[in-house]
Amino acid sequence: SMAIVSQLVTAFAGTIAVESTPGEGTTVTVELGLPEAPDAVCDMRVTPDALMGTHVLVIDDLPVNRRILTVLLESHGASVTAVEDGFAGLAQVARAQALGDPLDAVVCDHHMPGLSGAEVVSRLAQTAPNLPVVVLTSGGHCETLKVANPTRVLHKPARARQLIPVLSEAIRQRPPVSSESNQPMVADRAEQGPMAGLNVLV
């Protein structure tokens, strides 16, 4: 409908012109200010094993989208866990961390009930700051998604030649998790000296 067209034009800072001639019809001209895709993404070849050995979490409220993304990612070697909303996604990330088997990346829908993609990204920035997230959006307002790194934004429909290279590159560039952050902050008793035996709250 024209209402949807108008919303898209506004979201992408475009223009719309309507010319109507009685008895002949109406011509609608739409111009959108879409950014040019980076050459690096367009030129990267998609190989069947691009995601081999990775574990990717898919968060999408629509079952058909979860199924499509699961099949797509699995066909390129990934192990996939799919959940229906942001709360379940955050719980899955926390569960994987607790088990010592953290996820390699997250593919998340932007427009979801409950927690939006932007809210999921914001929370992951606190709990899993090095976890790559690819957010899929069908509309504008992508500036709300630029709240944390590493985050990528792709517009729907996300084709394999777009999603797989971006996801693979995000995983490859993922900063290593410091092992020191996972070590308990307890000093050896021999090094505690006169503080040995005391309970100290820091």
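This is a short talk on the fold, the central strands, two salt bridges and a surface patch of one protein chain.

A word of caution to begin: what you see above is a predicted model. Please keep that in mind throughout.

I will take the overall layout first. The protein chain has seven helices and seven strands. Read from the N terminus, their order is α-β-β-α-β-α-β-α-β-α-β-β-α-α. The chain has 202 residues, and 32% of them count as buried. Its exposed area is about 12,700 Å², with carbon and sulfur atoms supplying 55% of that area. Now take the contacts in the chain with a separation of 6 or more: residues 24 or more positions apart account for 61% of them.

Next, the strands. Which strand does S3 pair with over five bridges? The partner is S4; S3 covers residues 55-59, S4 covers residues 79-83, and the two pair in the parallel sense. If you want a place to look, find Ile-59, which stands opposite Val-83 in S4. To get from S3 to S4, the chain passes through helix H3, residues 63-74, and this β-α-β crossover is right-handed.

S3 is also joined to S5 by four bridges, and those two strands run parallel. Here Val-56 stands opposite Ala-105 in S5. S5 in turn is joined to strand S6, residues 133-137, by four bridges, again with the strands running parallel. In that pairing, Val-106 stands opposite Val-133 in S6. The chain goes from S5 through H5 to S6, and this β-α-β crossover is right-handed.

Let me stay with S5. How many of its five residues are buried? Five of the five, so S5 is largely enclosed by the rest of the structure. Both faces are covered. On one side the buried residues are Ala-105, Val-107 and Asp-109, and on the other they are Val-106 and Cys-108.

A helix residue belongs in this part of the talk too. Gln-92 is found in helix H4, residues 86-98. Is Gln-92 buried or exposed? Its relative accessible area is 16%, and the cut-off for buried is under 20%, so Gln-92 is buried. Leaving aside residues up to four places away in sequence, Gln-92 touches Leu-57 and Thr-81.

Now the salt bridges. A search of the whole structure finds two.

One of them is between Asp-109 and Lys-156, where the closest N and O atoms are 2.8 Å apart. This pair links distant parts of the chain, as its residues are 47 apart. Asp-109 is in strand S5, while Lys-156 is in the loop between strand S7 (151-155) and helix H6 (160-172). Asp-109 has 3% relative accessibility and therefore counts as buried. Lys-156, at 32%, counts as partly exposed.

The other salt bridge joins the side chains of Arg-172 and Glu-169, at 2.7 Å from N to O. Both residues are in helix H6, and because they are three residues apart there, about one helical turn separates them. Arg-172 counts as exposed, with 58% relative accessibility. Glu-169 has 22% and counts as partly exposed.

Go back to Lys-156 for a moment. What kind of peptide bond joins Lys-156 and Pro-157? The bond is cis, with omega at about -5 degrees. As background, most peptide bonds are trans. Pro-157 is placed in the loop between S7 and H6.

There is one more loop residue to mention, His-111. You will find it in the loop between S5 and helix H5, which spans 117-127. His-111 has a relative accessible area of 43%, so it is partly exposed. His-111 is 27 residues from Ser-138 in sequence, and 8.0 Å from it in space, C-alpha to C-alpha.

Last, the surface. A nonpolar patch of about 460 Å² is made by Met-2, Ile-16, Val-18, Val-28, Val-30 and Leu-32. Strand S1 (15-21) and strand S2 (25-31) are the elements that give two or more residues to this patch. One of the patch residues, Val-28, lies in strand S2. Val-28 has a relative accessible area of 37%, so it is partly exposed.

To close, two points to take away. S5 has both faces covered and is joined by four bridges to S3 and by four to S6. Its residue Asp-109 forms a salt bridge with Lys-156, and Lys-156 is joined to Pro-157 by the cis peptide bond.

Conventions. Residues are numbered from 1 along each chain as its sequence is written. This is a predicted model: local features need pLDDT of at least 70, side-chain atom pairs count only at pLDDT 80 or more; totals for chains, interfaces and linings use all residues. Side-chain values use heavy atoms; hydrogens and water are left out. Patches are made of residues with over 30% relative accessible area and no salt bridge: like charges are joined within 9 Å, nonpolar side chains (Val, Leu, Ile, Met, Phe, Trp, Tyr) within 5 Å. Accessible areas come from the Shrake-Rupley method with a 1.4 Å probe; for residues, only the protein chains shown count as cover. A salt bridge is a side-chain nitrogen of Lys or Arg within 4 Å of a carboxyl oxygen of Asp or Glu. Buried means under 20% relative accessible area, exposed over 50%, partly exposed in between (1.4 Å probe, protein chains only). Contact means heavy atoms within 4.5 Å. Two strands pair if DSSP finds at least two bridges between them. A crossover is right-handed if, with the strands pointing away from the viewer, the path from the first strand over the helix to the second runs clockwise.
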